[in-house]
Amino acid sequence: MGDILTLVGKRLGLGLIILLVISLIIFFMVELLPGDIAQAVLGQSATPENLAALRREMGLDQPAIVRYLAWLSEAITLDFGSSIVTDARVTEIIGERFMNTLFLAAYAAVIAVPVSIILGVIVALLRNSIFDRVANVISLSFISSPEFFLGYILILYFAVKWGMFPAIASLSEGMTFLELLQRTFLPALTLVLVVMAHMMRMTRAAIINLLASPYIEMARLKGAPPWKVIVKHALPNAWAPIINVVALNLAYLITGVVLVEVVFVYPGIGQALVDAVSKRDFPVVQACCLIFAATFILLNLAADVGAILTNPRLRHPK
Amino acid sequence: MVFVILYFALLLLLSCGAAYYNQRSAFLLLFSLTLVSLVLAIIGGIPALRFVAIAAGMLLAAGMMSYAFREFLTALASDEMAKELRTAPLTAAFGMFVIFIVAVMGIFAPAIAPHGEAEIISQAFAPPDNNMLLGADQLGRDMFSRIIYGARNTVALALCGTVLAFILGAMAGLLAATKGGFFDGTMGRIADVIMSIPSLIFALLMLSIFGGSLAAPSTSAWLLFGFAVIVGTLFLAAAAYSVLSWIIGAAIVVGVSFAFALAFTSVFDASEVILILVVAVIYSPRVFRLTRAVAGNVVVMDYIEAAKLRGEKNWYLIRREILPNSTAPLVAEFGLEFCFVFLLIAGLSFLGLGIQPPTADWGSMVRENATLISFGEITPLIPAAAIALLTVAVNFVVDWMLHRSSGLKE
């Protein structure tokens, strides 16, 4: 048991270090700005007095490392300062939006994970048949399509031509849960299609890899019935790759969400990020990037830790 | 009614024929198409059936086209190439065909497009007529011409980005594999950090600082210069072996980087240069890892040991021993990398943060004309479909090459 704990602990520590380095990158990237933030806010025509005043107000007269430490210690308590465009608190701007994004991602994941794993296993069992090849071509096409292409096709058919779901996923107060599910169905479906293709291919590869291993061959040769080969011999070893696939694709979901939110005008954090980038609202950009990066790292971490925990060989050290 | 009867009669005839001549997969395909059409005809009536028929017809046409294209290529190619090409699956032939078409479109864009890319010739959203094949966009520019020009602009940017990412990543990977030790470790950690930030998010962060419509030409030139110097230093680290050669090399690197930055900034404008650099930085770690792994397998071979004992330098090892033995996976990776870069650039342009107007570009065209979709028009989907088609095509070709180079049959 001790082995597992040290392995997991090491992995967690590494994740923390990477997160710290990323916060450094995100903060000091803005320092590279030609001029500085005050210059960017006031534009080229600013007078030196105005610039100096704004610099003092934003604390830009202090050395960068001091500001970084202050920013980091506030960011840990989820306080990212205030927007330089609207003066609102960043936490207020993105707080609720983050929950919306999480909801959308969870909605998509709940549909995509079981369906794609089952499909992946089926395709792996039927490998090299005509169905496998057709599934391969279709999933490759979905992976290669940009998210906005799938999104607009769904809008064209489901919203405009057939009128089954709304084209714009706007949220309002006091909606019932069912209404919410119906409103956000199209963006969720877009995400599902993209992620499902990825997950299916990865599951298929993992299972095929597994079925080629000697102990499966051995089980077959000793005459075990096919279901027993799958359930008793293949499945316990398949958990690690499958958990890996799921976590990696959830991480992918988190970034795919940006484009989908823009297509469907969904009030999520991705949309906030895109708006902030075009307005050059750096505190919001930094906060969104940090949140996205942290989620991404967390999910990758979960993939690794899951793989360690489900590996039977590590549970029984020699 | 006649259509329905004819359609099913044809399908049944074909599937029975396939079954009779023992074409198992063809029979399965045809008969499942028959069953699907039957179900859809009951649910959706004749329109749905027509849709299925058109889709199947288009697939068939694409299949025939790629078959003919493959035969065409085998007829043209030399004996050895022809043997390889004959093993290519139809999907790969289709991919090559699409790449060929897009290349022709991009190279001869001014000759093919009937109007200029920024030329306003009619009212906004004018419907298609004899003059404009696909109608006008939101400013009254010819949609068809813009799609043709888009092939040139979007693909050229993506190609440049991929090439830069590749040079940086591959050079660092080769060096890491041959030198090992501290250099290897540092490069590996840097790659880890860059890869642990989602690519779209990282691109948005960098673009918010350097890029977009506010990009300054001097910044972009300096960034390009810096990038070129880094790559040059990597080359130098591989090739130089004495203090004198370091000094001479450094002078050459600075000169070449300067010329490179000048040449690049005269071809692309500031925001495009920054876009290219951003993608190059984001995707080089992937190339680095792959190159390092592939080259790492080659470095331990006996013939490398023999070359080292002969007294060959690092540069010779990389150029004459390692590179020729790792081309196949690297070429496939180049294709994959191009897909990622292309999709990222298209996504950024779609968000309005990539290629800036009035330059025609597939990603931003979708966004600009998206309002048409709510009227049931499919024109805005055409550039999006073009993006998808090109990416699928490259993926198909890469799939085949990977299969060929690994020699595995699963």
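Trainee: Let's start with chain B. Among contacts between residues at least 6 apart in sequence, what percentage join residues at least 24 apart?

Mentor: Before the number, a caveat: this is a predicted model. To read the feature, take the contacts in chain B between residues at least 6 apart and ask how many of them join residues at least 24 apart; here that is 69%. Do that for chain A and you get 73%.

Trainee: And which secondary structure elements sit behind those contacts? How many helices and strands does each chain have?

Mentor: Count the helices and strands, then read their order along the sequence. Chain B comes out with 16 helices and zero strands. Chain A has 14 helices, again with zero strands, so to speak one α after another: α-α-α-α-α-α-α-α-α-α-α-α-α-α.

Trainee: What about overall dimensions and burial?

Mentor: For dimensions, lay the C-alpha atoms along the principal axes. Chain B then fills a box of roughly 85 × 60 × 40 Å, while the trace of chain A spans about 85 × 60 × 35 Å. For burial, look at the share of residues that count as buried: 42% of the 410 residues in chain B, and 37% of the 318 residues in chain A.

Trainee: Where do the domains fall in chain A?

Mentor: Look at the bounds, then at the centres, then at the contact. In chain A the assignment gives domain 1 (2–76) and domain 2 (97–315), with C-alpha centres 32 Å apart. Their contact takes 17 residues from domain 1 and 14 residues from domain 2.

Trainee: Which helix gives the largest share of the domain 1 side?

Mentor: That's H1(A), with 14 residues. Both H1 and helix H2 (37–42) supply at least two residues there. By class, the domain 1 side has 13 nonpolar, two polar and two charged residues.

Trainee: And the domains of chain B?

Mentor: Watch for a domain made of separate stretches. Chain B has domain 1 (2–65) and domain 2 (143–215 + 269–407), and their C-alpha centres lie 40 Å apart.

Trainee: Now the two chains together. How many residues does each give to the contact?

Mentor: You'll often see the size of an interface given as the accessible area lost when the parts come together. Here we go by residues: 44 from chain A and 44 from chain B. On the chain A side, the elements giving two or more residues include helix H1 (2–31), helix H12 (269–279) and helix H13 (282–309). The largest share, eight residues, belongs to H7(A). That side divides into 35 nonpolar, six polar and three charged residues.

Trainee: Which residues have the most contacts inside the largest nonpolar core?

Mentor: Cys288(A) and Val279(B), in a core of 192 residues. Helix H6 (residues 143–179) of chain B gives the largest share of this core, 20 residues. Leaving out residues up to four places away in sequence, Val279(B) touches Gly161(B), Ala165(B), Val341(B), Leu344(B) and Ile345(B).

Trainee: Last one: how do I read a helix pair, say H8(B) with H11(B)?

Mentor: Take the angle, the axis distance and the handedness, then the residues. H8(B) (residues 199–210) and H11(B) (residues 270–299) pack at about 145°, with axes 10 Å apart, and the crossing is right-handed. From H8(B), Ser199(B), Phe202(B), Ala203(B), Met206(B), Leu207(B) and Phe210(B) meet Ile274(B), Val278(B) and Ile282(B) of H11(B). The tally for that contact is eight nonpolar, one polar and no charged.

How values were computed. Residues are numbered from 1 along each chain as its sequence is written. Chains are lettered from A and ligands numbered from 1 in the order in which they are written. This is a predicted model: local features need pLDDT of at least 70, side-chain atom pairs count only at pLDDT 80 or more; totals for chains, interfaces and linings use all residues. Axes are lines fitted to C-alpha atoms, for helices over the stretch in contact, and angles run from 0 to 180 degrees between N-to-C directions. Helices (H or I, at least four residues) and strands (E, at least two) are DSSP runs, numbered from the N terminus. A crossing is left-handed if the near helix is turned anticlockwise from the far one by less than a right angle, and right-handed if clockwise. Two residues are in contact if their C-beta atoms, placed from the backbone, lie within 7 Å. Ala, Val, Leu, Ile, Met, Phe, Trp, Tyr, Cys and Pro count as nonpolar, Asp, Glu, Lys and Arg as charged, and the others, Gly among them, as polar. Domain bounds come from an automatic or database domain assignment. A nonpolar core is a set of buried Ala, Val, Leu, Ile, Met, Phe, Trp, Tyr and Cys residues joined through C-beta atoms within 7 Å. A residue is buried if 20 or more other C-beta atoms lie within 10 Å of its own, exposed if 12 or fewer, and partly exposed in between; C-beta atoms are placed from the backbone.
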